[in-house]
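This briefing is meant for a reader who wants to look at open and enclosed space in a protein model before setting up any calculation. Please keep the sequence and the coordinates at hand while reading.

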Amino acid sequence: MDKHRVWQQLEQLCATESSLHLRDLLQVQDRFSRFSFRQDELLLDLSRQRLTTNTLTQLLQLADSCDLAQWIESLFNGERINHTENRAALHTALRLPAEATLEHQGEDLVALVQTDLQRMQHLVEQLHQGQWRGFSGEPIDTLVNVGVGGSDLGPMMVCRALDGFQAPTARQITTHFISSMDGSQISGLLDQLDPARTLFVVSSKSFSTADTLANAATALDWLIRASGLTTELLARRHFIAVTANAPRAEAWGIPVENQLHFRDWVGGRYSLWSTIGLAIAVRIGMSGFRALLDGAHRMDMHFRHTPFSHNLPVLLALAEVWNINFLGIHAHAILPYDGRLAHLPAYLEQLEMESNGKSVDRQGNRIEHHTCPVLWGEIGPNAQHAFYQLLHQGSEAVMCDFIVPARRYADQSDALQSQHRLTLANCLAQARVLALGDAAVDQSNATPWQRYQGNQPSTLILLDELTPASLGALIALYEHKVFVQSVIWNINPFDQWGVELGKQVANSLLDIIGTPATTNRFDIATEGVLNQLHGQWSDRKNTEC
């Protein structure tokens with residue numbers, strides 16, 4: 001079926017169905033059973049999306065018209081679908097079980113990945129058993145992950161979410177994350193740490209990221225000043241590199257035996273499943289890390305083999321395409337009702353906006369329709385007291401994802417279980433009011449400023465409980481949703497050229513910060529600020545003299 005014709009049919013359908021209100025759609029008795037879908041420990045509830053059976057049928061036809069099935073096979077088979085960088089996107093291979101096989105460019109990727117995991121397991125066991133010792137001979141008890149982007153957001157999000165699943169032997173190791181290039185994080189942290197007991201994990205795919213290497217250099221300088229020892233000795237005792245560029249890591253000073261590797265077919269924002277997840281494995285143990293991989297792998301198999309009409313990533317993607325491209329909703333709020341998922345919105349911001357924040361298609365043509373919406377979020381109970389005013393009564397249409405576990409604190413106090421019931425009640429109440437507006441309660445005597453229009457679409461993702469496996473499935477769900485949308489929009493979700501130009505310009509400015517601007521070398525605004533900086537730095541030097 002021709003994609004253009006299906007798209008036109010959806011536009012025509014939108015013209016007739018856009019006036020439908022969720023308060024009416026939710027009167028249909030079997031709506032929940034028709035628009036909710038389960039995969040193992042995860043329930044996807046789309047009943048509060050502004051969908052009808054007819055809409056969903058035509059959206060599924062849109063997926064077929066884009067050859068989605070073939071694109072999914074190309075993804076899993078390792079074809080070079082990242083065409084602008086001429087490589088595969090094989091993060092799913094990182095989650096394959098040890099008994100699987102996958103050949104790529106003459107290599108068995110599963111054997112390669114398992115070797116990397118075994119090497120990571122060896123390092124984790126050394127740390128857990130107190131066998132990795134610093135320059136004074138004392139065992140390491142603090143791990144600092146130094147990275148940025150996917151090398152920071154993914155591991156940090158998972159570590160925070162699964163803090164309650166710490167391996168007993170991991171409780172003696174404290175984990176910190178450093179990403180900010182301005183030194184504000186590392187300067188405050190180092191004052192609290194014992195240099196003799198601190199291990200830095202420098203996580204960088206290219207091992208050329210300025211932010212990461214600047215923080216690593218500051219850490220090395222701190223160790224040198226604290227110990228008076230050589231760079232070579234300190235790099236061997238206090239640094240691990242996690243990278244796809246071993247020669248650069250070694251040139252920086254980290255010996256090969258202190259390196260963990262992954263491949264260039266792993267995108268940074270998809271890398272937490274690789275050895276980039278070392279901090280996760282240290283926190284929850286290798287058994288917990290493998291459970292995380294298993295949950296993601298089961299979602300992979302569901303995505304690859306389940307008919308689109310019951311395929312969770314496909315259905316989630318299509319519901320959002322309907323919102324973005326037909327209903328004109330270009331803002332998306334991620335609202336986890338579980339404090340352990342506090343960093344999930346930031347993680348998804350990168351996953352979605354770096355992947356699908358594109359305006360040029362695979363053929364290099366300017367795209368005429370909308371692609372990725374503006375995405376943000378916060379823990380739901382906190383957000384209720386921050387930006388829910390806009391969601392309920394603002395002038396902007398926003399689609400929302402509510403994410404919550406059904407069970408929590410099962411083996412703890414009644415008071416904590418009561419708090420979880422309160423959280424569930426608030427989550428369901430907010431979704432209900434967004435959908436129904438005034439119809440949620442009797443508002444017959446309300447003043448205009450007390451009225452709720454409703455009809456704001458939302459998705460509810462209900463986890464049986466938050467575990468390594470269910471979190472793995474949740475993350476993989478969003479990864480595959482992003483891929484489905486990229487196919488429908490005909491864009492490459494695996495590159496990020498939009499971040500490169502800023503880096504180049506920053507490098508051109510770095511050496512002249514604090515010196516007079518050269519006339520006409522930069523734009524007038526940049527030169528004006530450079531001259532202001534020159535004045536500030538000159539005054540500082542004169543004061544110091």
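The points below go through pockets, cavities, one sheet and one buried side chain.

The model is a predicted one. Its largest pocket has a volume of about 1200 Å³, while the largest cavity has a volume of about 70 Å³.

**Pockets**

- The largest pocket, at about 1200 Å³, is lined by 40 residues, and those closest to its centre are Val148, Thr209, Val499, Glu500 and Lys503.
- Helix 7 (150–161), helix 9 (210–227), helix 14 and helix 19 (500–510) each supply at least two residues of this lining, and helix 19 gives the most, with 5 residues.
- Sorted by class, the lining of the largest pocket consists of 15 nonpolar, 16 polar and 9 charged residues.
- The second largest pocket has a volume of about 300 Å³, and its lining is made up of Lys3, His4, Trp7, Gln8, Glu11, Asp361, Arg366, Ile367, Glu368, His369, Trp489 and Asn490.
- Helix 1 (residues 3–17) gives the most to the lining of the second largest pocket, with 5 residues, and by class that lining has 3 nonpolar, 4 polar and 5 charged residues.

**Cavities**

- A search of the whole structure returns 3 cavities of 30 Å³ or more.
- The largest cavity, with a volume of about 70 Å³, is lined by Leu94, Val113, Asp116, Leu117, His261, Phe262, Arg263, Trp265, Val266, Trp273, Ser274 and Thr275.
- Helix 6 (residues 109–128) provides the largest share of the lining of the largest cavity, 3 residues, and the class count for that lining is 7 nonpolar, 3 polar and 2 charged residues.
- The second largest cavity holds about 50 Å³ of space, and Glu17, Ser18, Leu20, Leu25, Arg50, Trp322 and Leu327 form its lining, which by class has 4 nonpolar, 1 polar and 2 charged residues.

**Sheet and the helix across it**

- An open sheet of 6 strands follows the order 1-2-13-12-10-11, and its pairing is mixed.
- At the edges of this sheet are strand 1 (36–39) and strand 11 (374–377), each of which pairs on one side only, and neighbouring strands are turned by 15° against each other on average, direction ignored.
- Strand 12 (residues 399–405) pairs with strand 13 (residues 458–463) in the parallel sense over 6 bridges, and within this pair Cys400 stands opposite Ser458 in strand 13.
- Helix 14 (residues 344–356) lies across strand 10 (331–336), strand 11 and strand 12, and runs at about 170° to strand 11; helix 14 is also one of the helices that supply at least two residues of the lining of the largest pocket.

**A buried residue in helix 12**

- Phe303 lies in helix 12 (residues 278–305), and Phe303 counts as buried because its relative accessible area is 0%, where the cut-off for buried is under 20%.
- Leaving aside residues up to four places away in sequence, Phe303 touches Ile72, Leu75, Phe76, Asn311, Pro313, Val314, His480, Phe483 and Val484.
- Among these contacts of Phe303 is Val314, and the two residues are 11 residues apart in sequence and 7.6 Å apart in space, taken from C-alpha to C-alpha.

Key:
Residues numbered from 1 in each chain as written. Predicted model: local features only at pLDDT ≥ 70, side-chain atom pairs only at ≥ 80, totals over all residues. Heavy atoms only, no water. 1 Å grid on protein atoms, 1.4 Å probe; cavity = no way out; pocket = protein on both sides within 12 Å on 5 of 7 lines; lining within 4 Å. Points joined across faces, edges and corners; volume = space filled by probe spheres on them. Helix = DSSP H or I, 4+ residues; strand = E, 2+ residues; numbered from the N terminus. Nonpolar A, V, L, I, M, F, W, Y, C, P; charged D, E, K, R; others polar. Buried < 20%, exposed > 50% of the residue type's maximum accessible area, 1.4 Å probe, protein only. Contact = heavy atoms within 4.5 Å. Pairing = 2+ DSSP bridges. Axes fitted to C-alpha atoms, helices over the stretch in contact; angles between N-to-C directions.
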